[in-house]
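Me: I have a model open and would like to talk it through with you. Could we go over it in questions and answers?

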Amino acid sequence: HGRPQCGRFNRDGTLFAYGCDDGTVHAFQVDTGHRTGAVFRPSTDQPPGVCTAVRFLPTGDNANVVIVAGSNGVVRHWHATSGKSLGAPIV
């Protein structure tokens, strides 16, 4: 995978996600260091871009949802523990 560019802990500090210069995003359980779910990869129908921001949504039903922004102007929602993209990218 690419080199880390940005990262963020979730609100309760149990997960850490970081985005890379190849557009991938990785999430880990803080207490074990194990990866959660699959690596999130950008869609092949979008132009490539560096991951420039990673933010977890507030706690509650969306506690493991990450918002990912890229240098290509695309914003995506991703579920950190399942590795699934949630909805269409916002361009």
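Reply: Happy to; what follows is a set of questions and answers on this predicted model.

Me: Let's begin with the overall make-up. How many helices and how many strands does the secondary structure of the protein come to?

Reply: Reading from the N terminus, the elements run β-β-β-β-β-β. The count for the protein is therefore zero helices and six strands.

Me: How are strands 1, 2 and 3 arranged, and which are the edge strands?

Reply: These three strands form an open sheet in the order 1-2-3, with antiparallel pairing. From one strand to the next, the twist averages 20 degrees. Each edge strand pairs on one side only, and the edge strands are strand 1 and strand 3.

Me: Staying with that sheet, which residue in strand 3 is the bridge partner of Leu-15?

Reply: Strand 2 covers residues 15-20 and strand 3 covers 25-29. The two strands pair in the antiparallel sense over five bridges. The bridge partner of Leu-15 in strand 3 is Gln-29.

Me: Now the other sheet, please. Why is one side of strand 4 and of strand 6 left without a neighbour in the sheet?

Reply: Strands 4, 5 and 6 form an open sheet in the order 4-5-6, and the pairing is antiparallel. Strand 4 (51-56) and strand 6 (75-79) stand at the edges, so one side of each is left without a neighbour in the sheet. The reason is that each has a single partner strand.

Me: By how many degrees are neighbouring strands of the 4-5-6 sheet turned against each other on average?

Reply: Strand 4 pairs with strand 5 (residues 65-70) over five bridges, and five bridges also join strand 5 to strand 6. Ignoring direction, the average turn between neighbouring strands of this sheet is 25 degrees.

Me: Which residues are bridge partners here: what stands opposite Phe-56 in strand 5, and what is the partner of Ile-67 in strand 6?

Reply: Both pairs belong to antiparallel pairings, strand 4 with strand 5 and strand 5 with strand 6. Opposite Phe-56 in strand 5 stands Val-66. For Ile-67, the partner in strand 6 is His-77.

Me: Which residue in the hairpin of strand 5 and strand 6 takes a positive phi?

Reply: This hairpin has four residues between the strands. One residue there has a phi near 85 degrees, and that residue is Gly-73.

Me: Along strand 6, which side chains point to the buried face?

Reply: The side chains of this strand alternate between two faces. Val-75, His-77 and His-79 point to one face and are not buried. Pointing to the other face, and buried, are Arg-76 and Trp-78.

Me: Is Thr-24 buried or exposed, and which side chain does its own side chain contact?

Reply: Thr-24 is found in the loop between strand 2 and strand 3. Its relative accessibility is 4%, and buried means under 20%, so Thr-24 counts as buried. At 3.2 Å, the side chain of Thr-24 makes a polar contact with the side chain of His-26.

Me: What about His-34: is this residue buried or exposed?

Reply: His-34 lies in the loop between strand 3 and strand 4. Leaving out residues up to four places away in sequence, His-34 touches Ala-27, Phe-28 and Gln-29, and its side chain joins that of Thr-32 in a polar contact of 3.1 Å. Its relative accessibility is 54%, and the cut-off is over 50%, so His-34 counts as exposed.

Me: How far apart in space are His-34 and Leu-15?

Reply: In sequence, the two residues are 19 residues apart. From C-alpha to C-alpha, the distance is 9.9 Å.

Me: Which residue forms a salt bridge with Asp-21?

Reply: A search of the whole structure finds one salt bridge. The pair links distant parts of the chain, 18 residues apart: Asp-21 in the loop between strand 2 and strand 3, and its partner in the segment before strand 1 (4-9). Asp-21 is partly exposed, at 24% relative accessible area, while the partner is exposed, at 59%. With closest N and O atoms 3.0 Å apart, that partner is Arg-3.

Me: Last one: what share of the residues of the protein count as buried?

Reply: The protein exposes about 5,100 Å², with carbon and sulfur atoms supplying 53% of it. Of its 91 residues, the share that count as buried is 32%.

Definitions and conventions: Residues are numbered from 1 along each chain as its sequence is written. This is a predicted model: local features need pLDDT of at least 70, side-chain atom pairs count only at pLDDT 80 or more; totals for chains, interfaces and linings use all residues. Side-chain values use heavy atoms; hydrogens and water are left out. Two strands pair if DSSP finds at least two bridges between them. Axes are lines fitted to C-alpha atoms, for helices over the stretch in contact, and angles run from 0 to 180 degrees between N-to-C directions. Buried means under 20% relative accessible area, exposed over 50%, partly exposed in between (1.4 Å probe, protein chains only). A polar contact is a pair of N or O atoms within 3.5 Å; within protein, one must be able to donate a hydrogen and the other to accept it, and residues adjacent in sequence count only if both atoms are side-chain atoms. Accessible areas come from the Shrake-Rupley method with a 1.4 Å probe; for residues, only the protein chains shown count as cover. Contact means heavy atoms within 4.5 Å. A salt bridge is a side-chain nitrogen of Lys or Arg within 4 Å of a carboxyl oxygen of Asp or Glu.
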